Amino acid sequence: MSTGGRRARTDQAEQTRALILATAERLFAEKGVHAVSNRQIGEAAGQGNNAAVAYHFGTKTDLVRAIIRRHSVPTERIRRRMLAVHAGSDDLRDWVTCVVRPITDHLADLGHPSWYARFSAQLMTEPALLEVAAEEFRDAAGLLAVIDGLQRCLPDLAEEVREERTHMAHTLLVHFCAQRERDPAPVWETTAAGLIDAIVGLFTAPVT
């Protein structure tokens, strides 16, 4: 086969992968990961071969992992840019901004409609899939730096309280973005501002 022919086949395979990935993300966001079969994804993506999803991605967990990676790279890029601005800050709001804005800015970049926030919300209902997501972000240097900076701003908060409020903040961020993503014309700048205010208030609320 000529070089041009191989390149054409490679391009076609990449286009098919991208189409399957986008279709799976939308269906998972709308119906839940376990409610959608690989066959349904293939059919919705216009693939005549029922094994197309497995051929290109492997298992459903591998497909979920690929969707996560599709978004983790650009969000980490935004996060690193924000770290360059806020590194060394002792202001909690700066670090909460570094948590929120990479997500909302990425959603803004995706345009409308998007499905990533609703897909992420679906993952939170499935412990095994949430662990897959945690594995993908475990070595994200930018995210780890943000978490470290955030924790340094909360020296008087007991560890168990800090962990609980971190979980609350994550839940609020994911599900509120998923709610906003359903809007006909989401305004992510306003969404980010509201989330930052709320999460700063959550971390600084009195402990009773």
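1. Starting with Glu 163: this residue sits in helix H9. With a relative accessibility of 51%, Glu 163 counts as exposed, because the cut-off for that label is over 50%. Its C-alpha is 31 Å from that of Arg 26, and the two residues are 137 apart in sequence. Bear in mind for this point and the rest that we're looking at a predicted model.

2. On to what H9 packs against. The axes of H9 (residues 159–181) and helix H10 (residues 188–204) come within 10 Å, crossing at roughly 160 degrees. That angle is over 145 degrees, so H9 and H10 are roughly antiparallel to each other. Their crossing is right-handed. On the H9 side the contact includes Arg 162, Arg 165, Met 168, Leu 172, Leu 173, Phe 176 and Glu 181; on the H10 side, Trp 188, Leu 195, Ile 199, Leu 202 and Phe 203 are among the residues involved. By class, the contact of H9 with H10 has 12 nonpolar, 3 polar and 4 charged residues.

3. Stepping back to the whole chain. There are 10 helices and 0 strands, so to speak an unbroken run of α from the N terminus on. The C-alpha atoms fill a box of roughly 65 × 35 × 30 Å along the principal axes. Of the 208 residues, 43% count as buried. Taking contacts between residues at least 6 apart in sequence, 73% join residues at least 24 apart.

4. What about the core? The largest nonpolar core has 55 residues, and Phe 28, Ile 41, Val 96 and Phe 119 touch the most other members. Helix H4 (residues 60–86) gives the most to this core, with 8 residues. Phe 119 is worth clicking on: leaving out residues up to four places away in sequence, Phe 119 touches Glu 25, Phe 28, Ala 29, Val 64, Ile 67 and Ile 68.

5. Next, Lys 60, which is found in H4. Is Lys 60 buried or exposed? Neither label fits: its relative accessible area is 22%, and because buried means under 20%, Lys 60 ends up as partly exposed. Not counting residues up to four places away in sequence, Lys 60 touches Phe 28, Val 33, His 34, Val 36, Ser 37 and Asn 38. Trp 95 is 35 residues along the chain from Lys 60, with 34 Å between their C-alpha atoms.

6. Further along H4 comes Pro 74, a proline within the helix. Pro 74 has a relative accessible area of 18%, which means that Pro 74 is buried. The C-alpha atoms of Pro 74 and Pro 102 are separated by 8.4 Å, with the two positions 28 residues apart along the chain.

7. Both of those prolines turn up in the packing of H4 on helix H5. H4 and H5 (residues 92–110) pack at an angle of about 140 degrees, and their axes are 9 Å apart. How are H4 and H5 oriented to each other? They are oblique, because roughly antiparallel needs an angle over 145 degrees. H4 passes H5 in a right-handed crossing. Besides Pro 74, H4 brings residues including His 71, Ile 78, Arg 79, Met 82 and His 86; besides Pro 102, H5 brings residues including Asp 94, Trp 95, Arg 101, His 106 and Leu 110. The contact of H4 with H5 has 9 nonpolar, 5 polar and 5 charged residues.

8. H4 also packs against helix H8 (residues 141–152), with axes that come within 8 Å and cross at roughly 45 degrees. H4 and H8 are therefore oblique to each other. Here H4 passes in a left-handed crossing. The contact is made by Glu 76, Arg 79, Arg 80 and Leu 83 of H4 and by Ala 141, Gly 142, Leu 143, Ala 145 and Val 146 of H8. Those residues divide into 5 nonpolar, 1 polar and 3 charged.

9. One last backbone detail to look at. The peptide bond from His 112 to Pro 113 is cis, with omega near 0 degrees. As background, most peptide bonds are trans. Pro 113 lies in the loop between H5 and helix H6 (116–123).

Notes. Residues are numbered from 1 along each chain as its sequence is written. This is a predicted model: local features need pLDDT of at least 70, side-chain atom pairs count only at pLDDT 80 or more; totals for chains, interfaces and linings use all residues. Side-chain values use heavy atoms; hydrogens and water are left out. Axes are lines fitted to C-alpha atoms, for helices over the stretch in contact, and angles run from 0 to 180 degrees between N-to-C directions. Helices (H or I, at least four residues) and strands (E, at least two) are DSSP runs, numbered from the N terminus. Angles under 35 degrees count as roughly parallel, over 145 as roughly antiparallel, 65 to 115 as roughly perpendicular and the rest as oblique. A crossing is left-handed if the near helix is turned anticlockwise from the far one by less than a right angle, and right-handed if clockwise. Contact means heavy atoms within 4.5 Å. Ala, Val, Leu, Ile, Met, Phe, Trp, Tyr, Cys and Pro count as nonpolar, Asp, Glu, Lys and Arg as charged, and the others, Gly among them, as polar. A nonpolar core is a set of buried Ala, Val, Leu, Ile, Met, Phe, Trp, Tyr and Cys residues joined through side-chain atoms within 4.5 Å. Buried means under 20% relative accessible area, exposed over 50%, partly exposed in between (1.4 Å probe, protein chains only).
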